[in-house]
Amino acid sequence: MKLLSRAGSFSRFYSLKVAPKVKATAAPAGASYQPQDLEFTKLPNGLVIASLENYAPASRIGLFVKAGSRYEDSNNLGISHLLRLATSLTTKGASSFKITRGIEAVGGKLSDILMEFLLNVTTSPEFRRWEVAALQSQLRIDKAVAFQNPQARVIENLHAAAYRNTLANSLYCPDYRIGKVTPDELHHYVQNHFTSARMALVGLGVGHPVLKQVAEQFLNVRGGLGLSGAKTRYRGGEIREQSGDSLVHAAFVAESAAAGSAEANAFSVLQHVLGAGPHVKRGDNATSALYQAVAKGIHQPFDVSAFNASYSDSGLFGIYTIAQAAAAGDVIKAAYSQVKTIAQGNLASADVQIAKNKLKAGYLMFVESSEGSLNEIGSQALIAGSYTPPSAVLQQIDSVADADVINAAKKFVSGQKSMAASGNLGHTPFVDEL
């Protein structure tokens, strides 16, 4: 699932047109804004349309598509990475230059022009040979920048080790494929994955009739379900990257539960029981159960937190550690022992309630922003074809029982493990040693 922004076509050349001035109108004295419910429509062609009037000063629109790296196969690996960089390339209705200058001309004001841009980039790309060739070098740069963060590389390796297919595919183009992704491959991928039944058009601060009219007019280009994706298969495995880095990054997980399930909620609560990491910039995690358990025997600097990722048909749960090379093994084992303690039933109800409160607060802080709300609505629309409001999500979190959290810990402890690690791994145990 990718959020593609900006695209389109228009009939006039706007590069020399000055952005129109807009006079601000004050709200009538004493005017009140009543909370609005999200409007949700599924068209006969399968396209999902969702809109919410949130009275934000700026409208936000996103077109979500089931076309991420999990739908790649061995012949087109990395194609979704290039598509992420191709959102400003020439479409059938406008050149790259025309798109850029057209957006500048209208000042980003919501208009038919911008709507056409968004939809045209998604449904009518041309993928001209020279433009695609110019993007190939950006693939390498984009990947290099991402992998400057050791955590990004470890998480990529973790998924490659844990799964046989789909979620094993990297978010980034493999090195051997850079320079080899062709316009024909891109056209084939778009034709088979960017279909109406695999899309969700979501708007905040936009009238639902307007959004529906736009969808019916512009998003009927490709019908059908497109190519069906394979079911994710978890296998369990290990990838180790030996380097001279004195810090060892390690992730140690087992399969958990699919997003939206009651079991996934239990794993989310367990994550916050153990410690989900600091929520304050440059803060620490010293009060978490994992950190305190490890600190009893480790006197060198380290960091540890629970790892939790849920997808439409699978999930991963475990621990992520950062430690000095000599202490890496002790940190991992101490953290794992803390999870085993919970799996044995040593869990206070007060700790579960605190974890629930943290989880609910984190969720509400995420969806209170327009960007977070847009992503949440779009993700739910693609995965479930429906929308669960925040109030219902909070009720689902509250319904998680202490026993559910203990069972989640048991599933992690007894499950087949996967592991990814990087750094000086001389003192880092292999997955079968844990």
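# A sheet and its helices: questions and answers

Student: How many helices and strands does the protein have?
Tutor: This is a predicted model, where local features need pLDDT of at least 70, side-chain atom pairs count only at pLDDT 80 or more, and totals for chains, interfaces and linings use all residues. Residues are numbered from 1 along each chain as its sequence is written, and side-chain values use heavy atoms, with hydrogens and water left out. Helices (H or I, at least four residues) and strands (E, at least two) are DSSP runs, numbered from the N terminus. The secondary structure comes to 14 helices and 10 strands.

Student: What share of the residues is buried?
Tutor: Buried means under 20% relative accessible area, exposed is over 50%, and partly exposed lies in between (1.4 Å probe, protein chains only). Of the protein's 434 residues, the share that counts as buried is 48%.

Student: In what order do the five strands of the open sheet stand?
Tutor: Two strands pair if DSSP finds at least two bridges between them. The pairing in this open sheet is mixed. The order is E6-E10-E7-E9-E8.

Student: Which strands stand at the edges?
Tutor: Look for strands with a single partner strand, so that one side of each is left without a neighbour in the sheet. Those are E6 (238–242) and E8 (302–310).

Student: Which helix packs on the sheet and touches E7, E8, E9 and E10?
Tutor: Touching here is contact, meaning heavy atoms within 4.5 Å. Axes are lines fitted to C-alpha atoms, for helices over the stretch in contact, and angles run from 0 to 180 degrees between N-to-C directions. The helix you want spans residues 328–343 and its direction makes about 140° with that of E9 (315–324). That's helix H10.

Student: How many bridges join E7 to E9?
Tutor: These two strands run antiparallel. Leu-247 stands opposite Gln-324 in E9. The number of bridges joining E7 to E9 is nine.

Student: How many of the nine residues of E7 are buried?
Tutor: E7 (residues 247–255) is also joined to E10 (residues 417–423) by six bridges, and that pair runs antiparallel. E7 is largely enclosed by the rest of the structure, because its count of buried residues is seven.
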